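Hello,

Here is the structure I promised to pass on. Have a look at it first, and my notes on what turned up follow below.

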Amino acid sequence: MDYQNFLSNISFRLIGPETSPASDGLYILPRRNGGWARLLQLPEAPFDLINTTLPCGEREMQGRLRDICKIPRMSTFVIGAMINLGVSQMSDDQAFVNVGLWNGFTFLAGMIGNPGKVCIGIDNFSEYGGPRDAFNSRFDRYKSQKHHFYDMDYAEYFSRLDKGLIGFYLYDAEHSYHNQLRGLQIAEPFFADGCIILIDDTNWSEPRNATLDFINASAHDYRMLLDVTTSCNSHPTFWNGIMILQKVGLASKEAPITDFGPPSDQRTATLKASSKKSNGARAETTLPLAVEEGLREFPVVSIIVNSGGQGHVLSETIESALNQTHPRIEVIVVDDGSTDDSREIIARYGTRVIPLLRDNEGHTSAINAGLSLSKGDFVCLVNAGDRLASNAVEVAMNARDDHARFLKNLHRSMREIERLVPAEETFILVDEDRWGTTSEVGAGRHRTPFLERGGEYWGPPPDDATAIQEFERLRKSGASFIVFGWPAFWWFGYYPGFHHHLRSTFRCVMENERVVVFDLRR
């Protein structure tokens, strides 16, 4: 299938890019009978594989990428599928180049099933804890003679080593404006005609604006194949937003591009992948009071297993679902017209499972039927072949409880800040960007993240001197308080010079297990 047609015909079964999670961080799935259930995602059963509808080759792509969808990642199955197909369609004299690998998901997605295509990964593992050994192990497992990894800075790679044409390019290193722009500009001389460029994290303004400025400044012309934002980061569709460009020739720009117009604009068409099969999932989810407050101490969790004609692995999946440590489990096994021995296997379990046997009504319809039949307050969607750890549901439920405690502490922290910081004042918030609060808190109090660039979180400072310098810049710009949230309490030990500067110069007006607040007004 043509790459453009593939992108424009992607859709999602239950949750689309616009769907937001509820206040507890879980997505709400409407049942056809008018009820609701919370979606409990399990690491051994990647929900994004079940949720995604590809216009062609869906089962083959699932089989190809299933294993790597279970590694730590900051991406999704559909992004991996777009990379895999794009690499497969490159000319043999072109390369897939991925800058910034972390655990390797996007790079491996381009490699797997493409042994004859040149794939080049570049990372010096300076961010996110540098999982070098884990990546190398995975790379060795999947690589062919045409797959190469370079442990170095990408600028060094392009200046010293790259001499060939790039057919598919992904820059996924540090996403500040400067580095995003530099990552595109350094690679551009190697872009082949028709080169596909994937930009992720485009929910954030800096990589998005850097990409727009790259297009405007380039001597070449670029066509927008896809531009999708998501309701939040870590979204099961397009994670944190995505743009896909294609180099199409020399530029013919009459005016700078500041945003992308409607699909009729041929040069910058924005083709939105939608959840047209989403069964009514709403972007903003507010639960009925009975659903929000009516949960039991050990609520029923429904595990819906899709047999998918995979009888040879179905028993293992059913057994792992039945043997959960969570005390109240309901297992529903859906079979949609399998021609193998799946139905015989299901029958062996008798009343231990709830069978739902259908006659080729489609995957989406089967999932929704299983959802409507389920009785659990929470549901897990599992494919045959997924083997759940015995405590998978228990761990997921505990994580939800931890999230509820987090939200309770966050709410109390916000109220404490509102009591201390006068209305219309600005305060510096040191929270590792974990609180997810808006720029205004309460009655117009303005939050500035720390470190910050252009009003957005920039990451922790490299040393005490930088912390003090940036703090003083913000204080002199009008910040009246600095607030440390509990996720950043480790700063006090890691930056002793900055800590001493605050303690010796400013009055600490609150200190508890949630917040430490200094008054900067002198």
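**The sheet and its helices**

Please keep in mind that this is a predicted model. A good place to start is the open sheet of six strands, which follow the order β2-β3-β15-β12-β13-β14 with mixed pairing. At its edges stand β2 (28-30) and β14 (354-358); each has a single partner strand, so one side of each is left without a neighbour in the sheet. From one strand to the next, the twist averages 30 degrees.

If you zoom in on β14, you will find that it runs parallel to β13 (residues 329-336), and that five bridges join the two. Along this pair, D336 stands opposite R358 in β14.

Two helices that pack on the sheet are worth a look. Helix α11 (residues 311-322) touches β12 (301-306), β13 and β15 (378-383), and its direction makes about 160 degrees with that of β13. Helix α13 (residues 363-373) touches β2, β3 (36-39), β12, β13, β14 and β15, and its direction makes about 150 degrees with that of β14.

**A pair of helices**

Now turn to α3 (residues 58-65) and α4 (residues 77-88), whose axes come within 11 Å and cross at roughly 100 degrees. That angle lies in the 65 to 115 range, so α3 is roughly perpendicular to α4. On the α3 side the contact is made by M61, Q62, R64 and L65, and on the α4 side by F77, G80, A81, N84 and L85. Sorted by class, this contact has five nonpolar, three polar and one charged residues.

Enjoy exploring!

Best wishes

Methods
Residues are numbered from 1 along each chain as its sequence is written. This is a predicted model: local features need pLDDT of at least 70, side-chain atom pairs count only at pLDDT 80 or more; totals for chains, interfaces and linings use all residues. Side-chain values use heavy atoms; hydrogens and water are left out. Two strands pair if DSSP finds at least two bridges between them. Helices (H or I, at least four residues) and strands (E, at least two) are DSSP runs, numbered from the N terminus. Axes are lines fitted to C-alpha atoms, for helices over the stretch in contact, and angles run from 0 to 180 degrees between N-to-C directions. Contact means heavy atoms within 4.5 Å. Angles under 35 degrees count as roughly parallel, over 145 as roughly antiparallel, 65 to 115 as roughly perpendicular and the rest as oblique. Ala, Val, Leu, Ile, Met, Phe, Trp, Tyr, Cys and Pro count as nonpolar, Asp, Glu, Lys and Arg as charged, and the others, Gly among them, as polar.
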